[in-house]
There are 2 protein chains.
Amino acid sequence: MDDSQTSKQRALASVVEELRADHTSGASALSRRAARALAQAAQKAPASSPRELLQRIKEAAVALAGARPSMVAVANTVGLLLADAREQGGRADVGSLRRYVADRAEQIDELWRGTLGVIAASTTSLLPSVVMTHSYSSTVLSSLAAETAGGRRVIVCEGRPLFEGRRLAQELTAAAVDVTLITDAQAGALMAEAGAVLVGADAVLADGSVVNKAGTYLLALAAHDHHLPVYVACETLKVTAERVWGGTVAPEEKEPEEVLPEGMPGIRVRNIYFDLTPARLVTTIITEDGVFRPQGIGGLVERARRYAAALSP
Amino acid sequence: MDDSQTSKQRALASVVEELRADHTSGASALSRRAARALAQAAQKAPASSPRELLQRIKEAAVALAGARPSMVAVANTVGLLLADAREQGGRADVGSLRRYVADRAEQIDELWRGTLGVIAASTTSLLPSVVMTHSYSSTVLSSLAAETAGGRRVIVCEGRPLFEGRRLAQELTAAAVDVTLITDAQAGALMAEAGAVLVGADAVLADGSVVNKAGTYLLALAAHDHHLPVYVACETLKVTAERVWGGTVAPEEKEPEEVLPEGMPGIRVRNIYFDLTPARLVTTIITEDGVFRPQGIGGLVERARRYAAALSP
């Protein structure tokens, strides 16, 4: 292994580490960062044939996909790029394959950036005048801030442990939305004031159940108990072919200090970032490609199967 | 009004203020404080007849009962003392009525102190090996710490905004209980590890629904969704004849600074302390007088009706 190959691997490893340590960016930002990192790896990996280059790209894609096991968008994004590169691989030389990957990564970046507006437009038309949401989601922010008519009130749960809901409250207020901020524990007490729950997603499993910030499942239960709809706004690249929560797509657990900075002798502190909302509690999943019942996402699951196949050993 | 009567009223007003401002003591402590304050008022109120004394006692009882509209135990305790004093009133002179109230207040104090052990014994026998609980409750603490056999694991939700769950976690750990502390938002994510939910109560309405620290309703929903029992451990004096949550028994709202110390311009912050768990989500209510299905508390409601009648105008 020559020096330059080692330094390439180091560059990739540092992006993987960056993705792993970033607890504040959303799936869109992290996925786009992963796509760019994959394109760079494809640009610089030493390879004497398209086949060898595809092997290098795959190694990099697998490393990037593994950085965030709860955030399937990252794996799907690099899987999509890899799957497309493979199809191209048969009819390209090394140089044109490198260029193809760079161009496709650029397109995927634009795709990611374009989705928000489309999702926002669909979501806005569904929403009642009072909406409850949980923690921070860029799809939720753009959907709720898109409305120019105004007059909508949004109840935001703070999102312990790191209070990302406060950031959402601030950004919604800056967009002239009427915001009420509450503790996560008050979601039930205030559900009677809401007309719907709107959340983002970190992943949508093949059966239509939704992985999102811990507490989402509780909001969905309370909404269901109040006969209110639960809307999930997310990009199609969040859908995975996985059916099991706890396998490849697994709950991430973070530092206990985020929950209890000073610690307490003899007490175990858990800090699970995500929970699973079963499909039966989800009304519709709003994506850039349409509005789906959770049991109607079969076409999106098929796409995800292709990305996963590209990454499989 | 002479000077001494004014100073008695000031003493009572300061106890009322104390009860109102105390966000950390439980219903037992506050109810006993109210009973003692009522006995002192009975001791010192100027009165030339038992009838006049009863009128003074009632005024004091009404003031004390109004201090904490969500904590029916306070109203029930002073209502019980007043109802008993009234029955005594017909066959006593002023001096013996004062003594009666002092003795009865003492008995009620002992009654309150005795209930915890009885409730703990009943509760312990019902509990599985892993229990989830919410925030702080002295009945829950004594029930979970009573067990000498050990080996039980307790998952404690932190209880935003003031994190009373941390205090429960600490006291349980001191009693050699295996404790896991989590954010309120993780209750759903960890419910699969629990075998039951155990909570205290601030009030039990006439239909068996339970008023308790905000977040309890969410735990009950998650337990129900996991087919797990929800046990409520509380004294009979927490049962009210009221059927409506939002009337005489109303959700208390505290300072928004407890939720967001620094505030945020343009954002309304809510800090509702209690939520209502409907009777259909409650498995049993464990009291010092027995273990009841929520729909089987009619006898306790009848008693509460007597206390309320004594306080009514």
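**View 1. An open sheet of eight strands in the predicted model, drawn from chains A and B.** The strands follow the order β8(A)-β3(B)-β2(B)-β1(B)-β4(B)-β7(B)-β10(B)-β11(B), and their pairing is mixed. At the edges stand β8 of chain A (268–269) and β11 of chain B (290–292), each of which has a single partner strand, so one side of each is left without a neighbour in the sheet.

**View 2. The pairing of β4 and β7 in chain B.** Strand β4(B), residues 196–199, and strand β7(B), residues 230–233, pair in the parallel sense over three bridges, and Val197(B) stands opposite Val230(B) of β7(B).

**View 3. Helix α7 of chain B across three strands.** Helix α7(B), which covers residues 164–174, lies across β1 (130–134), β2 (153–157) and β3 (178–182) of chain B, and runs at about 165° to β3(B).

**View 4. The surroundings of Asn212(B) in strand β6 of chain B.** Asn212(B) has a relative accessible area of 6%, which is under the 20% limit, and therefore counts as buried. A polar atom of its side chain lies 3.5 Å from the backbone oxygen of Gly200(B). Beyond its neighbours within four places in sequence, Asn212(B) is in contact with residues including Val199(B), Asp202(B), Tyr273(B) and Asp275(B).

**View 5. Helix α10 of chain B and its packing partners.** The 14 residues of α10(B), 298–311, should span 20 Å at 1.5 Å a residue, and the end C-alpha atoms are 20 Å apart, which agrees. Among the buried residues of this helix are Leu300(B), Val301(B), Ala304(B) and Tyr307(B), and the buried residues of α10(B) pack against α3 (50–65), α4 (72–89), β10 (284–287) and β11 of chain B.

Key: Residues are numbered from 1 along each chain as its sequence is written. Chains are lettered from A and ligands numbered from 1 in the order in which they are written. This is a predicted model: local features need pLDDT of at least 70, side-chain atom pairs count only at pLDDT 80 or more; totals for chains, interfaces and linings use all residues. Side-chain values use heavy atoms; hydrogens and water are left out. Two strands pair if DSSP finds at least two bridges between them. Helices (H or I, at least four residues) and strands (E, at least two) are DSSP runs, numbered from the N terminus. Contact means heavy atoms within 4.5 Å. Axes are lines fitted to C-alpha atoms, for helices over the stretch in contact, and angles run from 0 to 180 degrees between N-to-C directions. Buried means under 20% relative accessible area, exposed over 50%, partly exposed in between (1.4 Å probe, protein chains only). A polar contact is a pair of N or O atoms within 3.5 Å; within protein, one must be able to donate a hydrogen and the other to accept it, and residues adjacent in sequence count only if both atoms are side-chain atoms. The expected span of a helix is 1.5 Å times one less than its number of residues.
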